[in-house]
Amino acid sequence: MMAGNGTLALAALLLHALAFLVLAVAAPLRRLGRPAAYVSILCAAGSLGGAVLSWRAHTGETISRLVWTWLPSEGQTLATVGVLADADSTVMLVLVALVSLLVQVYSLGYLSDEPPPALGRYYTYQSLFAFSMMGLVLAPNFLQLFMCWELVGLCSYLLIGFWYQRPAAQRAALKAFWITKAGDVGFLIGIVLLWRHTGTFDLTEMRMLADNGALPLAGLSVMMFCVYLGAVGKSAQFPLHIWLPDAMEGPTPVSALIHAATMVTAGVYLLHRTSWLFALTPDVLAIVAWVGAFTALLSAVLACVQNDIKRVLAYSTVSQLSYMMAAIGAGFSAAGFFHLLTHGVFKALLFLGAGAVIHAVHSNDLADMGGLARRMPQTAIVFIVGALSLAGLPLFAGFLSKEEILGATLAGGFMGPFLVLIVVAFLTAFYMFRVVFLAFYGAGAPAAAPAVGAGHAAVHDAHDAGAHGHATPHRVDEPTASMLLPLWVLALLSVGIGVYFTFVHPEPEFTSPAWLMPLAVGSAVAGIGLAWATYQRRAIDAARLAAAFGPIYRGALKRFWIDDLFERVYLQVILGFSRLIGWIDRYLVDGVLNVLSAWTVSAGDDMRTMQSGRAQDYVYGVAVGLLVILLWVQFG
Amino acid sequence: MNADVLAFWVLAVVLVGSALAVVLTKNLFHAVLWLALALTGTAGVFLLLDAEFLAAVQLLLYAGGIVTIVVFAIVVTERLVGERISQTSRRIVGAGAISGSLLAMLVRTIAQQRVPPAPPDMPADLTRAVGETVLTRFVLPFELLAVLMLAGLMGAIYFARPDD
Amino acid sequence: MGLQAYLTLAAVVFCIGLFGVITRRNTIGILLGIELMLNSVNINLVAFARYLGDVTGMVFAVFAICITVTEAALGLAIVILLFRIRRTVIADQLDLLKG
């Protein structure tokens with residue numbers, strides 16, 4: 001164990017902290033806007049360098065642990081802070097550093113219209129987020145992990161609500177915060193229970209206990225389930241998935257960074273990091289797998305009916321996260337982690353590409369897009385690369401990781417989730433290429449390209465069907481260099497990873513049947529084919545296709561009423577509770593105090609009569625006192 | 001029953017009776033007269049205690065002087081003829097209780113003391129003894145008393161000055 | 001009669017005087033009560049002087065009488081002054097000490 005290598009990871013972490021502190025403290029610098037951005041980007045670049053170096057140093061089984069005592073307790077220390085760098089955490093660190101840097105560069109172009117103080121504020125939050133995420137990834141113990149977990153949630157709130165003057169953004173930020181908080185409560189309970197159970201917060205120590213079989217299993221399932229609840233909230237598993245689509249109110253680079261590649265993957269990362277704990281509780285893992293499969297199907301269905309390009313990607317993220325969870329639930333967390341890494345790359349790519357489209361068209365709506373491949377060829381290319389990766393075709397990034405997940409669920413014996421995931425693979429390809437065909441191909445006019453749902457076309461009939469839609473009074477251009485560069489980097493990375501893993505198969509932990517790969521690829525191709533037939537060739541009418549699914553379709557349009565259910569519960573339970581508390585406060589607490597003060601006032605009024613001003617009364621008082629003294633001397 | 005005991009009881013009755021009258025009479029002027037009687041009774045008690053000088057002083061100063069000036073004060077401040085100011089007050093019950101309890105306590109304390117021996121013989125010429133003691137052992141309080149009375153006199157003159 | 005008889009007599013007069021001080025409405029009536037109380041003290045002093053054989057008690061009784069006279073004179077002077085200013089000697093109405 002070489003402590004020196006831990007310092008590289010630590011340096012990567014602290015560079016972002018430095019950027020944050022500088023920007024937070026030096027308000028004049030922050031308010032200048034672009035200079036603040038350069039400070040942040042510079043630190044991000046340095047951080048990426050440190051992360052890559054750290055990753056190269058930690059291949060295989062090398063582990064570096066660099067900690068400082070934080071909370072001492074009698075005898076041993078209660079908690080430490082520092083870094084725990086091993087193969088997994090450093091590769092995740094590279095992902096975080098890379099996507100952070102690319103997103104920050106991209107934001108220079110995307111947010112070029114923002115006033116400088118807002119831009120400075122944005123980069124301050126970005127630096128804070130990167131620091132917290134790295135702190136989470138490198139956390140050597142549960143305490144630091146939880147602290148960074150909460151910090152990351154805070155940054156998510158700040159960045160979703162970046163355009164805080166918009167009520168929709170405010171609500172979305174608050175919703176994200178509350179829903180993830182519900183999961184975090186469970187997580188905290190789990191951490192404390194684990195500490196009571198094992199006597200430590202430290203991951204390395206707990207691992208040694210687990211490996212030696214010294215970890216008592218009684219009640220461990222409950223604790224691990226509580227820990228899993230944190231992942232449910234953060235990684236948007238059912239029923240706490242509802243915040244992620246709404247979180248799209250934030251700027252698109254934020255969505256790319258936080259709600260695709262890094263923050264939402266923290267839940268998956270947590271489960272992978274503590275997989276040796278979860279291995280001791282297979283019943284919890286079964287729940288993880290089934291919930292994952294169900295959420296994947298639910299969100300894939302919802303993605304098919306969205307008209308907002310970012311919403312499609314959001315539901316897609318939920319679906320892919322659930323894929324990873326299913327693999328972890330099957331017992332092969334390495335497969336899930338692998339998909340986390342590849343997904344981080346191509347989902348960020350898709351989001352940034354969508355951002356380029358949105359920036360050009362000034363609208364999120366698919367109906368306002370169309371035929372963009374002609375006017376934005378580079379964007380189209382990189383977006384299609386991302387879509388192919390998501391669909392999981394060979395030579396692209398998602399191919400091997402998705403197949404590994406399918407193989408893992410099969411090998412774990414979870415037949416039901418396996419079948420569900422095959423269906424989801426089909427749907428994934430379908431909805432992604434629906435977006436591709438609707439946005440980049442077609443006639444390029446709003447009213448001529450109806451999304452699924454007849455009612456939608458009626459709304460847009462009023463707009464003209466000219467070459468440029470009503471929502472695009474400007475020319476539609478390729479994005480600027482600051483936006484294109486990250487897109488190309490991610491696209492090349494996607495292809496590079498895909499090619500590498502198509503030809504270099506790492507040793508899998510399980511054996512998959514030979515028919516798995518053709519099945520997986522086939523379902524993806526079938527999905528692409530259906531999308532092509534429906535939206536490009538118009539061989540199948542979209543409306544009739546939707547009607548064929550009748551109640552499911554109607555339910556999907558309403559997001560299966562899950563959001564409404566949450567809202568109703570919130571209104572009735574929480575507001576009712578606060579009304580009760582308010583009553584107690586007004587009548588009991590205030591009442592007690594008011595009674596006490598009334599008594600004091602009336603006692604004062606009564607005692608004031610002692611001061612009558614008449615000498616006789618005072619003599620009377622003296623006589624009484626004399627009598628009391630005499631009695632006391634006699635009988636006391 | 002010898003003469004001493006009889007005299008004591010007579011004087012006690014006179015004293016207590018007139019004291020009660022002082023505090024209970026409605027007419028203030030009558031109260032002053034009853035006070036005069038009480039003070040005279042006290043002088044009698046002094047005589048019983050062989051303190052002739054004190055009895056004389058008591059009669060001169062108390063029964064003579066104080067009663068006179070009280071009468072003058074009443075004349076100045078009250079319209080004797082005509083309206084009668086009611087003397088009843090609000091605190092009779094409370095005061096009665098307090099005084100009664102205090103009396104009970106004092107009597108009890110007194111009764112608990114051991115019976116003192118027979119009174120010793122006093123010097124024959126008590127007046128001379130008193131005079132000697134005043135001017136030798138207590139000369140300082142005597143002088144201070146004179147200063148006090150001077151101050152009192154000046155104060156009284158100051159109070160009595162006409163309003164200019 | 002024993003010492004205790006005289007002491008009891010003095011105690012009785014004292015308490016009667018106290019009762020008078022508390023209950024009388026006229027200020028001069030209060031002064032009369034005070035005179036009774038001081039009188040009873042004198043009886044006490046002389047009784048002790050007689051029964052303990054020490055003339056000191058009588059000396060102090062003389063002093064007490066002198067002081068009482070002074071106090072009575074000044075007290076009455078104050079009452080008269082108050083009457084001049086406030087036109088009343090009712091103790092209930094003299095509540096300037098009220099607070």
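User: I am looking at the stretch just after helix H9 of chain A; which residue there takes a positive phi, and of about how many degrees?

Analyst: Just after H9(A), in this predicted model, the residue with a positive phi is Ala236(A), at about 55°. As a general idea, most residues other than glycine have a negative phi, and most peptide bonds are trans. Ala236(A) is a residue other than glycine, and its phi is nevertheless positive. Its place is in the loop between H9 and H10 of chain A.

User: Is Ala236(A) buried or exposed?

Analyst: Ala236(A) counts as buried because 32 other C-beta atoms lie within 10 Å, where the cut-off for a buried residue is 20 or more.

User: What is the omega of the peptide bond between Phe238(A) and Pro239(A), and where does Pro239(A) lie?

Analyst: The bond that joins Phe238(A) and Pro239(A) is a cis peptide bond, with omega about -5°. Pro239(A) lies in the loop that runs between helix H9 (220-234) and helix H10 (243-246) of chain A.

User: Where is His362(A), and what is its phi?

Analyst: His362(A) is not a glycine, yet its phi is positive, about 60°, and the residue is found in the loop between helix H16 (333-361) and helix H17 (372-375) of chain A. With 13 other C-beta atoms within 10 Å, His362(A) is partly exposed.

User: Returning to helix H9 of chain A, how many of its residues are buried, and what covers them?

Analyst: Of the 15 residues of H9(A), 12 are buried, so this helix is largely enclosed by the rest of the structure. Among the buried residues are Leu220(A), Met223(A), Tyr228(A), Gly230(A) and Lys234(A). Their cover includes H6, helix H7 (167-198), helix H12 (265-273), helix H13 (275-278) and helix H14 (282-304) of chain A. The length of H9(A) can also be checked: at 1.5 Å a residue its 15 residues should span 21 Å, and the end C-alpha atoms are 22 Å apart, which agrees.

User: How do I read the packing of H5(A) against H6(A), and at what angle do their axes cross?

Analyst: Two packed helices are described by the angle between their axes and the distance between the axes. Here the axes of helix H5 (residues 116-137) and helix H6 (residues 142-160) of chain A come within 8 Å and cross at roughly 155°. An angle over 145 degrees counts as roughly antiparallel, and H5(A) and H6(A) are therefore roughly antiparallel to each other. The crossing in which H5(A) passes H6(A) is left-handed.

User: Which residues meet there, and what classes do they belong to?

Analyst: On the side of H5(A), the residues that meet H6(A) include Tyr125(A), Leu128(A), Phe129(A) and Ser132(A), while those of H6(A) include Gln144(A), Leu145(A), Cys148(A) and Trp149(A). The residues of this contact divide into 13 nonpolar, three polar and no charged.

User: How can I find residues that are far apart in sequence but brought together in space?

Analyst: One way is to compare a separation along the chain with a distance between C-alpha atoms. Tyr323(A) and Lys402(A) are 79 residues apart in sequence, and their C-alpha atoms are 8.2 Å apart. Tyr323(A), whose place is in helix H15 (residues 309-329) of chain A, is buried, with 32 other C-beta atoms within 10 Å. Leaving aside neighbours within four places in sequence, Tyr323(A) is in contact with Ala296(A), His339(A), Ile405(A) and Leu421(A). In chain B, the C-alpha atoms of Gly44(B) and Leu11(B) are separated by 6.8 Å, with their positions 33 residues apart along the chain. Gly44(B) is found in helix H2 (residues 28-48) of chain B and counts as buried, with 20 C-beta neighbours inside 10 Å.

User: What does chain A contain as a whole?

Analyst: Chain A has 27 helices and two strands, and buried residues make up 52% of its 636 residues. Of the contacts in chain A with a separation of 6 or more, 80% are between residues 24 or more positions apart.

User: How many residues are in contact between chain A and chain B, and how many between chain C and chain B?

Analyst: Eight residues of chain A are in contact with seven residues of chain B, and the chain A side has seven nonpolar residues, one polar and no charged. Between the other two chains, 58 residues of chain C are in contact with 69 residues of chain B. The largest share of the chain C side, 21 residues, comes from H3(C), and by class that side has 41 nonpolar, 13 polar and four charged residues.

Note on methods. Residues are numbered from 1 along each chain as its sequence is written. Chains are lettered from A and ligands numbered from 1 in the order in which they are written. This is a predicted model: local features need pLDDT of at least 70, side-chain atom pairs count only at pLDDT 80 or more; totals for chains, interfaces and linings use all residues. Ala, Val, Leu, Ile, Met, Phe, Trp, Tyr, Cys and Pro count as nonpolar, Asp, Glu, Lys and Arg as charged, and the others, Gly among them, as polar. Helices (H or I, at least four residues) and strands (E, at least two) are DSSP runs, numbered from the N terminus. Axes are lines fitted to C-alpha atoms, for helices over the stretch in contact, and angles run from 0 to 180 degrees between N-to-C directions. Angles under 35 degrees count as roughly parallel, over 145 as roughly antiparallel, 65 to 115 as roughly perpendicular and the rest as oblique. A crossing is left-handed if the near helix is turned anticlockwise from the far one by less than a right angle, and right-handed if clockwise. The expected span of a helix is 1.5 Å times one less than its number of residues.
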